[in-house]
Amino acid sequence: EEELNEVIADCPAESFALMECNYLANDCFLENGYIVKNANKLKDIPMIIVHGRRDVICPPLHAWKLHEVNPHSELFFVPAGHSSSDSAVKERLVWAVGEMGG
């Protein structure tokens with residue numbers, strides 16, 4: 001975490017904003033529905049999906065669609081938005097890592 005904080009301190013926020021806008025403007029350089037269309041490749045891998053209910057960047061419907069096509073998945077909607085630093089998201093992610101044996 002300290003190394004990440006150093007990288008962030010060295011890069012102005014504008015750089016991150018420009019990069020993020022470029023990715024979002026280009027649909028993250030993925031064809032529409034790519035992840036769900038290819039999710040069958042992960043069908044035998046257990047997974048825990050954690051998603052913020054109020055996420056307006058990545059709508060919860062996409063997490064639901066991923067969950068639907070993966071029989072070994074568990075889906076948890078948490079009272080949060082998009083950020084993994086939100087306490088509800090962070091708490092559930094830490095729990096998920098423990099559940100997966102991490």
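1. Gly33 sits in the loop that joins helix H2 (13–25) to helix H3 (34–37). The structure is a predicted model. Gly33 has a relative accessible area of 35%, so this glycine is classed as partly exposed. Along the chain, Gly33 and Lys65 are 32 residues apart, yet their C-alpha atoms are separated by 9.9 Å.

2. The loop between H2 and H3 holds two further residues to check. Cys28 is located there, and so is Phe29. Most residues other than glycine have a negative phi. Cys28 departs from this pattern, with a positive phi near 55°. Phe29 does too, with a positive phi near 60°. A student looking over the backbone should note both residues, since neither is a glycine.

3. How many disulfides does a search of the whole structure find? The search finds zero. Cys21 is in no disulfide, and the nearest cysteine sulfur to its own belongs to Cys28, 11 Å away. Cys28 is likewise in no disulfide; for this residue the nearest cysteine sulfur is that of Cys58, at 7.2 Å. A disulfide would need the two sulfur atoms within 2.5 Å.

4. Is Cys21 buried or exposed? Cys21 has a relative accessibility of 51%, and because the cut-off for exposed is over 50%, Cys21 counts as exposed. Cys28, with a relative accessible area of 37%, is partly exposed.

5. The overall plan comes next. The protein contains five helices and two strands. Read from the N terminus, the order of the elements is α-α-α-β-α-β-α. The C-alpha atoms fill a box of roughly 40 × 35 × 25 Å along the principal axes. Of the 102 residues, 17% count as buried. Taking contacts between residues at least 6 apart in sequence, 61% join residues at least 24 apart.

6. In which sense do E1 and strand E2 (residues 73–78) pair? They pair in the parallel sense, over six bridges. Between E1 and E2 the chain passes through helix H4 (residues 60–68), and this β-α-β crossover is right-handed. As one example of the bridges, Ile48 has Glu74 in E2 as its partner.

7. His51 belongs to strand E1 (residues 47–52). Its relative accessibility is 11%, and because buried means under 20%, His51 counts as buried. A polar atom of the His51 side chain lies 2.9 Å from the backbone oxygen of Cys58. Leaving aside residues up to four places away in sequence, His51 touches Cys58, Pro59, Pro60, Ala63, Phe76, Phe77 and Val78.

8. Helix H5 (residues 87–99) allows a check on length. What span should its 13 residues have at 1.5 Å a residue? The expected span is 18 Å, and the end C-alpha atoms are 18 Å apart, so the two values agree. The expected value is 1.5 Å times one less than the number of residues, because the span runs from the C-alpha atom at one end to that at the other.

9. Both ends of H5 have a feature to record. At the start, a side-chain oxygen of Asp86 comes to within 2.9 Å of the backbone nitrogen of Ala88. Just after the helix, Gly101 has a positive phi of about 85°.

Methods. Residues are numbered from 1 along each chain as its sequence is written. This is a predicted model: local features need pLDDT of at least 70, side-chain atom pairs count only at pLDDT 80 or more; totals for chains, interfaces and linings use all residues. Side-chain values use heavy atoms; hydrogens and water are left out. Helices (H or I, at least four residues) and strands (E, at least two) are DSSP runs, numbered from the N terminus. Buried means under 20% relative accessible area, exposed over 50%, partly exposed in between (1.4 Å probe, protein chains only). A polar contact is a pair of N or O atoms within 3.5 Å; within protein, one must be able to donate a hydrogen and the other to accept it, and residues adjacent in sequence count only if both atoms are side-chain atoms. Contact means heavy atoms within 4.5 Å. Two strands pair if DSSP finds at least two bridges between them. A crossover is right-handed if, with the strands pointing away from the viewer, the path from the first strand over the helix to the second runs clockwise.
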